[in-house]
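User: I am a first-year student and would like a close look at one part of this structure, explained step by step. Please take the time to join the details into a single picture.

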Amino acid sequence: MHQVLQKFFSPHSFRVALPDVWQGFQLNLKLMVTAEILVLILALAIAVVRGLPGREAAPFRVLAIIYTDVFRGTPLILVAFLVGFGLPGLNMHVISTQSNFTYGVIALTLVYTAYVTEVYRAGIESVHPSQRMAARSLGLSYWQAMRYVVIPQAVRRVIPPLLNDFVGLQKDTALVSVIGVAEGALQAQQYSQNNYNFTSYVVAAVFFILLTIPLARFTDHLILVRERRERAQAT
Amino acid sequence: MTAFVSVTNVSKSFGDNLVLRNVDLSVGEHNVVCLIGASGSGKSTLLRCLNLLERVDEGEIVVDGQTITNGHVDVNALRRKIGIVFQAYNLFPHMTVLDNVTLAPAKVRGLARAEARAQARELLKRIGLEDKANEFPDRLSGGQQQRVAIARALAMSPRLMLLDEVTSALDPQLVAEVLQLVRGLAETGMTMIIATHEMSFAREVADKVCFLDAGLICEEGTPEQIFTSPREPRTREFLARIIDAGRL
C-alpha cells in the first residue's frame, strides 16, 4: 500500500512534476482550441457538401463520403504517424517544414472533422423538410434557406453530441505526443522515466479531468434544458 | 378579362400514383378560387405546382403572362410574387415572430433592416399580433401562428396567394380568426387560390369553386351553382357527406 502511494501519489513528486506537466498541458489546450475551431468550420462545410442535391453535385458528395469513411475508420495514432512523420519525409516546400505542433493539429483535425461531419449531417437531416420548403416558397435560394433556416436549427440540435466529441478530442490531444509534441502526457512521461515514479501521470490526468468535467456538466445542462422545453411543448 | 393564372392540361404523378389528371384551371386577377374535395384529391399538389414546389409532368402553367413550366423560369423570382401558406404553418421556430416576417424581405428583396422591420410591424398590426413581435412561435396559439404565417407571406407583397388548408390543423375555436384574416385579404382584391374544407367559407368568399376528385377537376362553377345545384353525381355525393357531417 505504501508502495502504491509512493509511486503514484507522492506529494513530493506531485510538486516537482507539476510545473513541467502544466507547461506541457498548455500545449494540449492550444492543440485543442486550434483543432476545435478548424473542425467546427470544416465539418460543417463537408456536411453541407454531403447534403447537396442534384446529379451535378454527385462527385462532391462521393468525395465527402470517402473522406468521412477513411478518417473515421483510421486510428488517430496512425493518422498522426502519417502526418507527423510522413509529410516531413516528403521533403517538399511548406508541406514538409511545419512544426510538430502543426502536424498534431492537422492529424486531430482530419480525424475529428470526420466524426463531427456526421454529427452535423444528422442535425441537418433532422430539420423537417417543410422548413426548407417554407423558406424556398418565400423566394429564398437553396443557400439562403440553408444559411438562415436549416443550419441554425441543425446546429442548435447537435450542440450536446458536438460537445461530447470535443471531450474526446481534448483527451486525444495527448496522442500526438507520439510525433514529438511536448504536450502534458509527454512531459509526464519524461518525469516518470527520469525519477522512476508515476505521480507525474496522475498530475497530467488531473489536468485532463478538470478540463472535461465542466464541459460534461455543461452538456448535461443543455440536454436537460432541451428536454424540459420539449416536454413543455408536448403539453 | 385575361387570366392571371392559367393551368392547361396539367398532369402530375408520384411514382405510380397519378395525383393530377389533365387539370385545367383559370383564375382571373383579384379573383378568389376555392378548391374543394376529399383529402388526397390533388388540391395541395395543384397549389404546389403553381409555385414550382412540385414540377408538373405534363401540361402548361402560365402565371402573370409567364410560362412557368418550360424549365427556363427563375424559380426564386416566381416565388417572390406568389405567397403560399401551409396547413402546418411552418414558421421558423428559431426566429422571433418579427424575424420570421422580415427574413424574406431583407434577404430576398434586399430591404434595409429598419425598413423590413417597419413593414413587418405594420403587417403584425394588421393581423392584430403587434404585441407578439418578439415572441418565438412556440409561445403562440395555432391560430396566431397561422396568422403570422400569412403575414410572412404577405411581407413579400405577393400578387397571388395560395392557401393550403390553412385552418385544417387548428382547434375549432381558432378557425374563425384565421378565416377573418383571409376574408379581409379577399376584400382588398388579393388574387387567391384556396384549398379548403371550410365549405361555408368557400361559399361566402369564392368567385369560383372547383371540386376535385381523384386528381380531376370534376366540376367548377360559382359557389351558388356548386353548393345548391351540383351537376356531377360525385360532387353531389361529396356535398351530401359534408352536410351529413354537419359541416355545411
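In which sense, left-handed or right-handed, does H3(A) pass H5(A)?

Analyst: The model shown here is a predicted one, and every value below was computed from it. H3(A) passes H5(A) in a left-handed crossing. To see how the two helices lie, it helps to place them first: helix H3 of chain A covers residues 58-73, and it packs against H5(A) at an angle of about 120°, with the two axes 8 Å apart. An angle between 115 and 145 degrees counts as oblique rather than roughly perpendicular or roughly antiparallel, and H3(A) and H5(A) are therefore oblique to each other.

The residues that make this contact can be listed on each side. From H3(A) come A:Tyr67, A:Thr68, A:Phe71 and A:Arg72, while H5(A) brings A:Leu110, A:Val111, A:Ala114, A:Tyr115, A:Thr117 and A:Glu118. Sorted by class, the contact of H3(A) with H5(A) holds 6 nonpolar, 2 polar and 2 charged residues.

H5(A) also has a contact with another helix, and setting the two contacts side by side is instructive. Helix H4 of chain A, residues 76-89, packs against helix H5 of chain A, residues 100-126, at an angle of about 140°, and their axes are 9 Å apart. That angle makes H4(A) oblique to H5(A). The crossing in which H4(A) passes H5(A) is right-handed, whereas the crossing of H3(A) with H5(A) is left-handed. On the H4(A) side the contact is made by A:Leu76, A:Val79, A:Ala80, A:Val83, A:Gly84 and A:Leu87, and on the H5(A) side by A:Asn100, A:Tyr103, A:Gly104, A:Ile106, A:Ala107, A:Leu110 and A:Val111. By class, the contact of H4(A) with H5(A) is made up of 10 nonpolar and 3 polar residues, with no charged residues. A:Leu110 and A:Val111 are worth finding in the display, since they are named in the contact with H4(A) and again in the contact with H3(A).

One residue of the H4(A) contact, A:Ala107, leads on to the interior of the model. The largest nonpolar core has 133 residues, and those that touch the most other members are A:Ala107, B:Leu35 and B:Leu50. H5(A) gives the most to this core, with 14 residues. On the chain B side, B:Leu50 is in contact with B:Val5, B:Ile61, B:Val63, B:Ile82, B:Leu162 and B:Ile193, once its neighbours within four places in sequence are left aside.

The setting of H5(A) is a chain built from helices: the secondary structure of chain A comes to 9 helices and 0 strands. The C-alpha trace of chain A spans about 70 × 55 × 25 Å along its principal axes, and buried residues make up 36% of its 235 residues. Among the contacts in chain A with a separation of 6 or more, 76% join residues that are 24 or more positions apart.

Chain A also meets chain B, with 17 residues of chain A in contact with 17 residues of chain B. On the chain A side, helix H6 (129-137) and H7 each supply at least two residues, and by class this side has 7 nonpolar, 8 polar and 2 charged residues.

From there, the view can be carried across to H3(B). Of the 11 residues of H3(B), 9 are buried, so this helix is largely enclosed by the rest of the structure. Those that are buried include B:Val97, B:Leu98 and B:Asn100. What covers the buried residues of H3(B) includes helix H7 (142-172) of chain A, together with helix H4 (113-126) and helix H5 (142-154) of chain B.

Ahead of H3(B) is B:Asn90, placed in the loop between strand E6 (82-85) and helix H3 (97-107) of chain B. The phi of B:Asn90 is near 55°, a positive value in a residue other than glycine, and B:Asn90 counts as buried because it has 24 C-beta neighbours inside 10 Å. B:Asn9 makes a useful comparison, for its phi is also near 55°, but B:Asn9 is found in strand E1 (residues 3-14) of chain B and, with 12 C-beta neighbours inside 10 Å, counts as exposed.

Note on methods:
Residues are numbered from 1 along each chain as its sequence is written. Chains are lettered from A and ligands numbered from 1 in the order in which they are written. This is a predicted model: local features need pLDDT of at least 70, side-chain atom pairs count only at pLDDT 80 or more; totals for chains, interfaces and linings use all residues. Axes are lines fitted to C-alpha atoms, for helices over the stretch in contact, and angles run from 0 to 180 degrees between N-to-C directions. Helices (H or I, at least four residues) and strands (E, at least two) are DSSP runs, numbered from the N terminus. Angles under 35 degrees count as roughly parallel, over 145 as roughly antiparallel, 65 to 115 as roughly perpendicular and the rest as oblique. A crossing is left-handed if the near helix is turned anticlockwise from the far one by less than a right angle, and right-handed if clockwise. Two residues are in contact if their C-beta atoms, placed from the backbone, lie within 7 Å. Ala, Val, Leu, Ile, Met, Phe, Trp, Tyr, Cys and Pro count as nonpolar, Asp, Glu, Lys and Arg as charged, and the others, Gly among them, as polar. A nonpolar core is a set of buried Ala, Val, Leu, Ile, Met, Phe, Trp, Tyr and Cys residues joined through C-beta atoms within 7 Å. A residue is buried if 20 or more other C-beta atoms lie within 10 Å of its own, exposed if 12 or fewer, and partly exposed in between; C-beta atoms are placed from the backbone.
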